[in-house]
Amino acid sequence: MIKPILQDDTFLADITEAGQDLANLHLWWVGQSGFLVQWQQSHLLLDPYLSDSLTQKYAQTDKPHVRMTERVIAPERLGFVDVVTSSHNHTDHLDAETLGPLLKANPNIELVIPEANREFVVNRLGIVAELPCGLDAGKEVQLGRFTIHGVPAAHPLVEKDSWGRHKYLGYIIEAGPWTIYHSGDTKLFDGMAAALQEWEVDIALLPMNGDLSERKVAGNLDGREAATLASEMGARLVIPCHYDMFEFNTASPELFIATCEALGQRYRVLQCGERWSSEELGSRR
């Protein structure tokens with residue numbers, strides 16, 4: 001099993017150390033599509049999966065979720081998170097065993113979800129209906145130091161509820177001068193890159209595990225598609241995710257890296273638990 005580069009106490013110590021650097025944005029990959037973002041000592045947790053719920057759920061089925069990477073941190077130890085997101089209802093993005101302890105450890109936390117999914121989220125997490133902050137594509141909310149915008153995602157298609165609200169979202173996050181795009185789970189769709197160009201994204205966080213029918217689950221961008229999308233949207237840096245968590249649904253970053261290098265697209269491949277800081281990009285354009 002893969003051991004995170006930082007884990008438990010060393011992970012928390014690195015967050016504390018980074019918090020002394022107020023000039024830069026910091027983020028950590030916490031596995032699958034999960035990222036912890038720190039800006040001036042405020043913390044946003046994107047789509048965390050920090051349990052073994054899926055491994056237990058599917059252990060005796062035709063798609064066992066055998067874990068590849070150890071957990072970075074127990075969610076109850078993250079008692080400093082201001083905002084947490086869920087981009088859609090799949091358990092690796094909306095995990096009761098992660099979000100329950102996280103909400104308990106942070107009584108004032110803001111939970112951002114697609115508005116279309118409110119009833120499902122409330123039932124899964126056992127929370128009051130008013131607690132989540134619902135977004136849709138084209139809507140935004142300011143929560144402390146973060147402004148979060150909803151943008152469409154296709155998993156595998158752009159899907160809406162009967163009210164026309166998107167069930168799958170990506171999030172554009174503005175943190176001071178920095179702009180992050182967290183796609184959630186998505187495939188390409190018409191007009192996607194052109195719409196994202198408008199945001200002048202600094203850091204794109206994109207899945208690269210691909211879409212193989214034999215996995216029997218909804219797929220994502222593959223490595224070539226993720227690198228190409230980052231280039232076409234004009235992202236200053238792209239960081240891949242959604243791999244090395246489950247044996248049946250992963251991919252090597254080799255194709256992603258080769259495509260980035262062929263396109264001249266700046267990239268960074270993180271190890272689980274590793275920190276990236278904006279000083280690597282220099283000043284905001």
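Q: What share of the 285 residues in the protein chain is buried?
A: Buried residues account for 57% of the 285. Buried means under 20% relative accessible area, exposed means over 50%, and partly exposed lies in between, with a 1.4 Å probe and protein chains only.

Q: Ground rules?
A: This is a predicted model: local features need pLDDT of at least 70, side-chain atom pairs count only at pLDDT 80 or more, and totals for chains, interfaces and linings use all residues. Residues are numbered from 1 along each chain as its sequence is written, and side-chain values use heavy atoms, with hydrogens and water left out.

Q: How many helices and strands are in the protein chain?
A: Seven helices and 13 strands. They are DSSP runs numbered from the N terminus: helices are H or I with at least four residues, strands are E with at least two.

Q: What radius of gyration does the protein chain have?
A: It is 17 Å, which agrees with a compact globule of 285 residues, expected near 19 Å. The radius is taken over C-alpha atoms, and the globule rule is 2.2 Å times the number of residues to the power 0.38.

Q: And what does the C-alpha trace span along its principal axes?
A: About 45 × 45 × 45 Å.

Q: What fraction of contacts joins residues 24 or more positions apart?
A: Such pairs make up 66% of the contacts with a separation of 6 or more. Contact means heavy atoms within 4.5 Å.

Q: Surface next. How much area does the protein chain expose?
A: About 11,800 Å², with 49% of it supplied by carbon and sulfur atoms. The areas come from the Shrake-Rupley method with a 1.4 Å probe; for residues, only the protein chains shown count as cover.

Q: How far apart are the mean positions of the positive and negative charges?
A: They are 2 Å apart, for 24 positive and 40 negative charges. Lys and Arg count as positive, Asp and Glu as negative; His and the chain ends are not counted. Each charge is placed at NZ of Lys, CZ of Arg, CG of Asp or CD of Glu.

Q: Into the interior. Which residues of the largest nonpolar core touch the most other members?
A: Phe 11, Leu 25, Leu 27, Ile 148, Tyr 181 and Ile 203, out of 78 residues. A nonpolar core is a set of buried Ala, Val, Leu, Ile, Met, Phe, Trp, Tyr and Cys residues joined through side-chain atoms within 4.5 Å.

Q: What does Tyr 181 touch?
A: Beyond residues up to four places away in sequence, its partners include Val 151, Tyr 171, Met 192, Ile 203 and Met 233.
A separate core of five residues lies apart from the largest one, with Tyr 49, Leu 54, Met 245 and Phe 246 among them.

Q: Backbone oddities. Is the peptide bond from His 155 to Pro 156 cis or trans?
A: Cis, with omega near 0°. Pro 156 sits in the loop between strand E8 (146-152) and strand E9 (169-175). Most peptide bonds are trans, and most residues other than glycine have a negative phi.

Q: What is phi of Gln 41?
A: Near 65°, a positive value in a residue other than glycine. Gln 41 is in the loop between strand E2 (34-39) and strand E3 (42-46), and it is partly exposed at 47% relative accessible area.

Q: And what phi does Glu 200 have?
A: A positive one of about 50°, although it is not a glycine. Glu 200 is in the loop between helix H5 (192-197) and strand E11 (203-207). Its relative accessible area is 45%, so it is partly exposed.

Q: Loop residues now. Is Asn 249 buried or exposed?
A: Asn 249 counts as buried, at 8% relative accessibility. Its loop runs between strand E12 (237-241) and helix H7 (254-263).

Q: Which residues is Asn 249 in contact with?
A: Asn 209, Arg 215, Val 217 and His 242, leaving aside neighbours within four places in sequence. The C-alpha atoms of Asn 249 and Arg 215 are separated by 6.7 Å, with the two 34 residues apart along the chain.

Q: Where does Thr 91 lie?
A: In the loop between strand E4 (83-85) and helix H3 (96-105). Thr 91 is buried, with a relative accessible area of 15%. Neighbours within four places aside, it is in contact with Tyr 49, Ser 53, Leu 54 and Arg 124.
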